[in-house]
Amino acid sequence: MKDHSVKLRLLKMLSDGHFHSGESLGEWLGMSRAAISKHIQGIQQWGMDIHRVQGKGYQLARPLMMLDEHRIRSQVTNPVELHPIIDSTNQYLLDNSHMISSGTVCIAEYQNKGRGRRGRHWVSPFGSNLYFSMYWRLDAGMAAAMGLSLVIGVAIVEALEEMGLNGIKLKWPNDLYYQDRKLAGILVEMSGQAGGAAHLVIGIGMNLIMQDENIAIDQPWTSLSQVLGQEDIDRNQLVIKLIQALNRSLENYEQHGMQEFVERWNRLDNFLDRRVHLIIGPNKITGIERGIDQSGGVLLETPEGIKSYLGGEISLRKGDDE
């Protein structure tokens, strides 16, 4: 595993948004200006925008609030692990599920191999987004986990509403939208055996302050900074609120199942009563989306009536002729 400690110390010094000369950085870290320049290049490969001005030195394009493990831990009861650089927060918890307790959270500043649903790559520049995973043991088993991504979506939006962020919607089965643009995605991965507990890893990736020119994403997207109209986002407070909301919703789900979440999800449905295409493998079904049912399936109204669709290979897209 590579040692990133020097780059992280450099970022901490640059995080104030001020200029720092290569000489002063070198003195602080005990290395040459050439070595500092090499480490700066490595940081830029993480997606960080760093200005270099002759006679002034280096400056981050914007101040950086780094995640604070101690602050987060002081506000929640869950075990929390901060890994500044990691392959994947989800994979880390999956690999260690046999030795961690239910509710354990893993967060990161940067992911080398972040992934979304169906193995899609998740763009993960350093310090620009939320890379968050939680391990949850569901004693009722894998069958009881049906519809869990819908519950997670409700919990996230309601946490954002508590922070004064309104207008965030849900797209079945696992995305958050704002004005028809993707803001966040949810990836629930599970393992277990028949008759035993389900081991769930709930991954959340949320765009916070990504810059357009650095990103290659194949769908319309937005970020929390664009929703707010500002880049001053307290990522630590966001993590705290999400952990608290997930704890409440998961405990509620274990006791009552989907019944308390259907109405709450439908209130937030981005495509409710809109014409959509439902893609199931090579097939496309067109109709009016009517929310979800108690099983977590999406309801689609066609000339043949209203039918529930449920399955991991289903995606939902805005109708071309809306």
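A contact here means heavy atoms within 4.5 Å. By that test, His4 touches Trp46 and Ile85, leaving aside residues up to four places away in sequence. The model is predicted. His4 sits in the segment before α1, the helix of residues 5-14. Its relative accessibility is 18%; buried means under 20%, so His4 counts as buried.

Step back to the whole chain. The protein chain has 322 residues, and 52% of them count as buried. Its secondary structure comes to nine helices and 14 strands. Take the contacts between residues at least 6 apart in sequence: 63% of these join residues at least 24 apart. The chain exposes about 15,400 Å², with carbon and sulfur atoms supplying 47% of that area.

Return to Trp46, one of the partners of His4. A search of the whole structure finds three aromatic pairs. In one of them, Trp46 is stacked with Phe126: the ring centres are 5.2 Å apart, and the planes meet at 15°. Trp46 lies in the loop between α3 (33-44) and β1 (50-53), while Phe126 lies in the loop between β4 (105-111) and β5 (129-138), so the pair ties together parts that are 80 residues apart in sequence. Both rings belong to buried residues. Trp46 has a relative accessible area of 7%. For Phe126 the value is 0%.

The pair of Tyr177 and Phe271 has another geometry. Here the ring centres are 6.1 Å apart and the planes stand at 65°, so the pair is edge-to-face. Tyr177 is in strand β7, residues 175-178, and Phe271 is in the loop between α9 (262-267) and β10 (275-280). These two residues are 94 apart, so the pair links distant parts of the chain. Tyr177 is buried at 8% relative accessibility. Phe271 is buried too, at 3%.

Trp46 and Phe126 also belong to a cluster. Together with Tyr110, they form one aromatic cluster.

Strand β4 leads to an annotated position. Gln111 lies in this strand. Its relative accessible area is 8%, so Gln111 counts as buried. The unreviewed UniProt entry places the feature "binding site" at Gln111, along with Ser88, Thr89, Asn90, Arg115, Gly116, Arg117 and Lys182.

The same record marks a second feature. UniProt places a "DNA-binding region" at residues 22-41, again in an unreviewed entry. Over these residues the chain is 85% helix and 0% strand. The C-alpha atoms at the two ends are 13 Å apart. Which residue lies over the face of Trp28? It is Arg9, at 5.5 Å from the ring centre.

Helix α6 makes a last stop. It covers residues 148-162, 15 residues in total. From its first C-alpha to its last it reaches 21 Å, close to the 21 Å expected at 1.5 Å a residue. Is α6 enclosed or open to the outside? In α6, 13 of the 15 residues are buried, so the helix is largely enclosed by the rest of the structure. Gly164 follows α6, and its phi is positive, near 90°.

Technical notes:
Residues are numbered from 1 along each chain as its sequence is written. This is a predicted model: local features need pLDDT of at least 70, side-chain atom pairs count only at pLDDT 80 or more; totals for chains, interfaces and linings use all residues. Side-chain values use heavy atoms; hydrogens and water are left out. UniProt positions are given in the numbering used here, feature names are shortened, and annotations may be inferred rather than shown by experiment. Helices (H or I, at least four residues) and strands (E, at least two) are DSSP runs, numbered from the N terminus. The expected span of a helix is 1.5 Å times one less than its number of residues. Buried means under 20% relative accessible area, exposed over 50%, partly exposed in between (1.4 Å probe, protein chains only). Rings of Phe, Tyr and Trp (its six-membered ring) pair if their centres lie within 6.5 Å; planes under 30 degrees apart count as stacked, over 60 as edge-to-face and the rest as tilted. A charge sits over a ring if NZ of Lys or CZ of Arg is within 6 Å of the ring centre and within 35 degrees of the ring normal. Accessible areas come from the Shrake-Rupley method with a 1.4 Å probe; for residues, only the protein chains shown count as cover.
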